[in-house]
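New to this one? Take a moment to look over the sequence and the model before reading on.

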Amino acid sequence: MQVVKYAFQQHGDERGQLVALEEYRDIPFQIRRVYYMYATKEGVRRGFHAHKSLEQILICIHGTCKILLDSGTEKKIVSLEKPYEGLYIASDMWREMFDFSPDAVLLVLASDYYEEEDYIRNYEEFLAFVKEKEAKTWR
Ligand code: T46
């Protein structure tokens, strides 16, 4: 499994840092939605789903958190600890977010609007979805 983690360009000067993100330049898709989570309670684990077509970039702009990526055959844990780092998550990837520091703000750039129908919330369904997609690729 290939983990795609971006290190965005930082425009730093004596005043501090600034990061600018432009669609199709820094972000590989059209940004249709931005959301963020904060004040995550200690010990909470979020996510537990994949998507049928949504692509996203996760940026922990303050504090730290960890992301479990599960392709159906392989799992990897990625730490997000810097406000200039972005983790790309393809649609057909099971994800769980955990170990949020109390001050963590996790910002997400998404390729599409919120649509509940795009979610795969059942792990067995996710495995079947991945298998079917792979079979189509080889057909
Ligand atoms: C994902 C991970 C990284 C909305 O109304 N609009 C939105 O755009 C989103 C993202 C959520 N919601 C509502 C739906 C739920 O009632 O907010 C509530 C919490 O959403 P959810 O339980 O899906 O949150 P997470 O943290 O489990 O997952 C979210 C995204 O939903 C998901 O796409 O990949 O963050």
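Here is a short tour of the cores, the strand pairing and the ligand site.

## The nonpolar cores

Keep in mind that this model is predicted. Its largest nonpolar core is made up of 16 residues. Inside that core, L58, I67, L80, L87 and L106 have the most contacts. At least two core residues come from each of β4 (56-62), β5 (65-70), β6 (75-80), β7 (85-89) and β9 (105-110), and β5 gives the largest share, with three.

L58 is a good residue to click on. Not counting neighbours within four places in sequence, L58 touches I67, L80, E85, G86, L87, I89, L106, L107 and V108. There's also a second, separate core of eight residues, with F29, I57, Y88 and L109 among them.

## How β3 pairs up

Strand β3 (residues 46-51) runs antiparallel to β8 (residues 94-98), and three bridges join the two. Look for H49 here: R95 of β8 sits opposite.

β3 also pairs with β10 (residues 119-120), again antiparallel, through two bridges. In this pairing, A50 has I120 as its bridge partner.

## Around the ligand

Which residues come closest to the ligand? Of the 13 that surround the ligand, the closest are R33, R46, H51, Q56 and Y119.

Some polar atoms are worth zooming in on. A side-chain N or O atom of Y119 is 2.5 Å from a ligand oxygen, and a polar side-chain atom of H51 is 2.7 Å from a ligand oxygen. G47 joins in through its backbone, with a polar atom 2.9 Å from an oxygen of the ligand. On its own the ligand has 650 Å² of accessible area, and the protein covers 68% of that.

Technical notes. Residues numbered from 1 in each chain as written. Predicted model: local features only at pLDDT ≥ 70, side-chain atom pairs only at ≥ 80, totals over all residues. Heavy atoms only, no water. Core = buried A, V, L, I, M, F, W, Y, C linked by side-chain atoms within 4.5 Å. Buried < 20%, exposed > 50% of the residue type's maximum accessible area, 1.4 Å probe, protein only. Helix = DSSP H or I, 4+ residues; strand = E, 2+ residues; numbered from the N terminus. Contact = heavy atoms within 4.5 Å. Pairing = 2+ DSSP bridges. Near = heavy atom within 4 Å. Polar contact = N/O pair within 3.5 Å; in protein donor to acceptor, adjacent residues only side chain to side chain. Areas by Shrake-Rupley, 256 points an atom, 1.4 Å probe, with all protein chains shown as cover.
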